[in-house]
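Work through these exercises on enclosed space in a protein. Each task is followed by a stepwise solution.

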Amino acid sequence: MRAPAPPRPVPPAPPEPATTPAGVRATARIAAVADGRGATSLPLLAGEGPLALRRTRGRGAEAGVMLVGAMSAPLGGDHLTVEASAGPGARLALASAAATLALPGRGGEPARYDVRLTLAEDSAVRWMPEPLVSVRGSDLRVRTRAELAPTARLLLREEQVLGRSGEEPGLLRSRLTVTRGGIPLLDQELSCGPGAPGGWDGPAGLAGHRTLGQLLLVDPAFTGSPPAAAVLGEFAAVTPLAGPAVLVTALAPDALRLREVLDAACRTYGW
């Protein structure tokens, strides 16, 4: 008589996000490595709470990852973090399934959303999330940091929508910091909405627009032939950076028009 097979181990449940009186703490972690066969594998793909991760099909050698909002976030008091690394020669495409809504919390505390990207030699990362919507009464601080090896390539898009249709925005404070080979490439900060420094909505600021965005491209191919400074329409500009990089900034009356401008720039300067 055959002995019964031992019981199959039950895989552990995914970790629950830490919750404090001030809000939810959750982190999504992604690691991409070249598999040696011309493709990219994902040995680490772990999300918590509102930061659910799904594998998707990338282009060519890319591994694709979709960030799926599993609950309403960020609310006031929440602290969400996305950490992604690409090893030598890896190709990674990161996107989100829907717009992110910054919502007010019950206690009036600010929310935080951190993105940390680490790119090794000869790697390439596309970080192309859907827009961030600053809802009336919200207070969100966004910090995006990217650390690149000298031969890495990065395509990064940010889009902010100040308020839903017919609504005043919340307070949005955003900072983008990029280093290449340990040397600062870009460090800029933006504040919009009630409580931001005066003039943010004036002629020298957003000039009445309610959507703004930028497209950052870092590519060693720009070393020999950097893109020239240019104006794209009335409210968009191309700015070469002190390094093999170019920054496209744009204002628009709505999110659809903003995406059209940034997509056109991506086709011209991206990959």
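**Exercise 1.** How do the residues of the lining of the second largest cavity divide into nonpolar, polar and charged?

*Solution.* The model is predicted: local features need pLDDT of at least 70, side-chain atom pairs count only at pLDDT 80 or more, and totals for chains, interfaces and linings use all residues. Residues are numbered from 1 along each chain as its sequence is written, and side-chain values use heavy atoms, without hydrogens and water.

Step 1. Fix the terms. A cavity is a set of points on a 1 Å grid over the protein atoms alone where a 1.4 Å probe fits but cannot get out; lining residues have an atom within 4 Å of a point. Ala, Val, Leu, Ile, Met, Phe, Trp, Tyr, Cys and Pro count as nonpolar, Asp, Glu, Lys and Arg as charged, the others, Gly among them, as polar.

Step 2. List the lining: Ile30, Leu53, Val65, Met66, Leu67, Val82, Leu94, Ala95 and Trp127.

Step 3. Sort it. Nine are nonpolar, with no polar and no charged residues.

**Exercise 2.** Which strand gives the most to the lining of the second largest cavity?

*Solution.* Strands are DSSP runs (E, at least two residues), numbered from the N terminus. Strand E5 (63-69) and strand E7 (91-96) each give two or more residues. E5 gives the most, with three.

**Exercise 3.** Describe the lining of the largest cavity.

*Solution.* Step 1. Count the residues: 16 line this cavity, and Trp127, Pro129, Glu130, Leu132 and Val142 lie nearest its centre.

Step 2. Sort them: eight nonpolar, four polar and four charged.

Step 3. Assign strands. E9 (111-119), E12 (139-148) and E13 (153-162) each supply at least two residues. E13 has the largest share, four residues.

Notes. 1 Å grid on protein atoms, 1.4 Å probe; cavity = no way out; pocket = protein on both sides within 12 Å on 5 of 7 lines; lining within 4 Å.
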